[in-house]
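Okay, thanks for making time, everyone. I'd like to walk you through a structure that's new to most of you, so let me put it on the screen.

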Amino acid sequence: MRYIILSYKLDFIIFFLLAIGGAALIHFSLRKFKGMPGFSKPAWLIILAFSSLAFVLSERSGKDQSLNLQKMIQGFAFTYAQELELMGHSKIQLNTPPEDPLYLKMISAQIRWQKANPLVNDIYTFRKKEDGAVALLVDSETDYDRDGKIEGDQESRTDIGEEYSEVDPLLEQAFEGLASFYDVPVKDRWGIWVSAYVPMRDTEGRVESVLGVDYDANEWIQSILWRRLTLLLLMAVVIIIFFFSWTVNKLQKVEIDERKKIESALRQSETLFRTLASNAPVGIYLTNEKNQCVYVNPKWCQMSGLSLHQARREGWTQTIHPDDRKLVLIEWEEASLSRHLFSSEHRFQTPQGKTTWISNIAVPLLDDQGQSKGYIGTLTDITARKIAELKIQEVANFKAEFTAVVSHELRTPMTVIKESIALLEDGSTGPLNDEQKDFLETTKRNVDRLTRLVNSVLEYQKLEAGAMEFRMEVFDLNQIILEIKPDFIILAERKKLVFETMLETGLPPVKIDKDKIIQVLINFVNNAIKFTEKGKITLRTQKEENSYIRVSIQDEGIGIRDANMMKLFKSFSQIPSEDKVRRGGTGLGLAISKKIVEKHRGYVGVESVFGKGSTFYFILPRYIGD
Amino acid sequence: MPKKILLAEDEPDILKVVRYRLIKKGYEVISAANGKEAITLIEEHMPDLILADVKMPLMGGIEILKFIKENANLKHIPILFITASSELLKQESRDQLLNEDVFLKPIEMEKLTTRIQELLTS
């Protein structure tokens, strides 16, 4: 078994497999559990180098041990050979009787040596016979098992002249005068051995015999193996130390790299934050979970007139305008209790007494559990906007009030004029001549026009202010159009125009204020009639894509120049008349129609080719349920 | 015996033309320049119909309405309103009134006289 290990270098192969296996294990563990790249190529090469070194060193130390043993055994062999030579070994013949005193002397010497040197298992001499066969000459009884007793055939003395059959080339070599050592274990009837052979010479210097010393092959191999294993173990320790230090080093390096990265990122974000906070054109502040101010940026200080130190904790509240403070603090409390966004527009009053309007928006900072860690907020100076807004509101209010007052105030004199004319006209105050009647007619027409204008202005004002009521109900547009179609035909016939409808069947319903949509239809149709001298007016309904319905009124009138298209739906804009005929409109009809349609979430539009006619349309969303 | 109409209107010119028209139609017209005056005259003359401006000094048309509705002897008297702006009617009073009982200035006299006739003949 030991021999097999040694001869196939199994010790090294096991060592190598363990080394590579261990390295692979560490390699994959690092990759899997630490997310690291594992052993690099150089590391693998170092492991291979260590393994090769282990191989070379183990081989060498095995050889060394083998040589040492060989020297030692050979040394014994030379000594014994010399001793026996001096005793006169050459006188012993193949036929010397076992009682021969010289022979017995040599035997007892052998026994003595073997006892004295436990490493030597057996000492014996060979002689070559005439026929070339090799025979054993002096071979004492041997206590192989070292139990102090000579027992059995194996341990007993060998007869003089017993032929030895396991002759190997090295033994032959010894007969030729060369000391030799056979390190390949040989098995004979006494056991397995490695042997040293030394030539013995007679007085004339001829090789007369060969002395052999046996050494237990097992012990021999074991001794070599131990040396090798000691060395491999040493190398294993070296490799383990290498693995260990490499891994620790790598782990440390990763940790250091990570720490460096984090530190660098921290530094960067700190710089970024400082740059942002100091240069931002808005005030920035931070609060903690107790709603205490912990940080404000320079712009905040500039806006509030407080220093960071003064703003800390509850200090920031003193900069809120006294009139707004209570409300802002309530809003702040509400937002922070529900961990919601805080958004407020309020005034700041600096200690120097300067008042500014501020848009104050703050978002909660939440930890992983959703708990508030405070707020981060920004302040924007909106004073200019607030002033502008107030001005706009003032102007709008004034405009609304002005139009309302003027319109209402106009109503009383209009009533009086209208009624006075009516009284004159119907003869209540006495008969009138034709000329007087004509002028009264003109006056009456213009009072009516004035009335329409006042009504339109008020209506437009109401629509614009969102004060107009809409009574929304579900209708079929085609049905409504058919209801008022007769009126349109009459209107058209007055100018000898044709009015026709092209209504798409199966139109989806719409939710509308019927009266207001009719007002839009009348407005569009009236316009079409007004600007058309001959031809026809066509009212169409169509299904549009995306669930919209289109109602269009097409005329064959004078059309509109592109440049004037944009002005059409604006209030009080009447486009310059092409034929120099005043049409007598209020300039509000289309603007009112546009507002009405937009209140229905629809839109109005116009397509026109100058000289060929125009198509005004409005688009309403279909009703899809409430 | 002509029917009596109480006309409460603070604008003298309106009062003048409406009064003229109503007299022409054959009614007896009692004029009041404001609500206060109207109330005194209502109790005194027991008109068959009241025509009042909504907005007048001292007391407006709505107050006249309230007054006659609270008075058992008077609450049967129909009342019509003249106004420059329908917004002047408060929501509560608007709910109590029929659309055809409110006349926006400029008054369409034809409609007004027709309505008066309707109310007085029924």
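So, β1 (122-128), β2 (134-139), β3 (180-188) and β4 (191-201) of chain A each give at least two residues to the lining of the largest cavity. Keep in mind that we're looking at a predicted model here. That cavity has a volume of about 100 Å³. Of the 14 residues lining it, Y124(A), F126(A), Y164(A), D188(A) and D214(A) are the closest to the centre. And what classes make up this lining? Eight nonpolar residues, one polar and five charged.

Searching the whole structure turns up two cavities of 30 Å³ or more, and the second largest comes in at about 60 Å³. Its lining has seven nonpolar residues, two polar ones and no charged ones. Among those residues are Y285(A), W300(A), W316(A), F348(A) and N360(A).

Hang on to F348(A), though: its bridge partner is T356(A), in β9(A). β9 (residues 355-366) and β8(A) run antiparallel, with eight bridges joining them.

Now the sheet they belong to. It's an open one of five strands in chain A, ordered β7-β6-β10-β9-β8, with antiparallel pairing. β7 (293-296) and β8 (342-349) of chain A sit at the edges with a single partner strand each, so one side of each has no neighbour in the sheet. On average, neighbouring strands are turned by 25° against each other, ignoring direction.

Last thing: helix α10 (residues 322-338) of chain A packs on this sheet, touching β6, β8, β9 and β10 of chain A. The helix direction makes about 155° with that of β8(A).

How values were computed
Residues numbered from 1 in each chain as written. Chains lettered and ligands numbered in written order. Predicted model: local features only at pLDDT ≥ 70, side-chain atom pairs only at ≥ 80, totals over all residues. Heavy atoms only, no water. Pairing = 2+ DSSP bridges. Helix = DSSP H or I, 4+ residues; strand = E, 2+ residues; numbered from the N terminus. Axes fitted to C-alpha atoms, helices over the stretch in contact; angles between N-to-C directions. Contact = heavy atoms within 4.5 Å. 1 Å grid on protein atoms, 1.4 Å probe; cavity = no way out; pocket = protein on both sides within 12 Å on 5 of 7 lines; lining within 4 Å. Points joined across faces, edges and corners; volume = space filled by probe spheres on them. Nonpolar A, V, L, I, M, F, W, Y, C, P; charged D, E, K, R; others polar.
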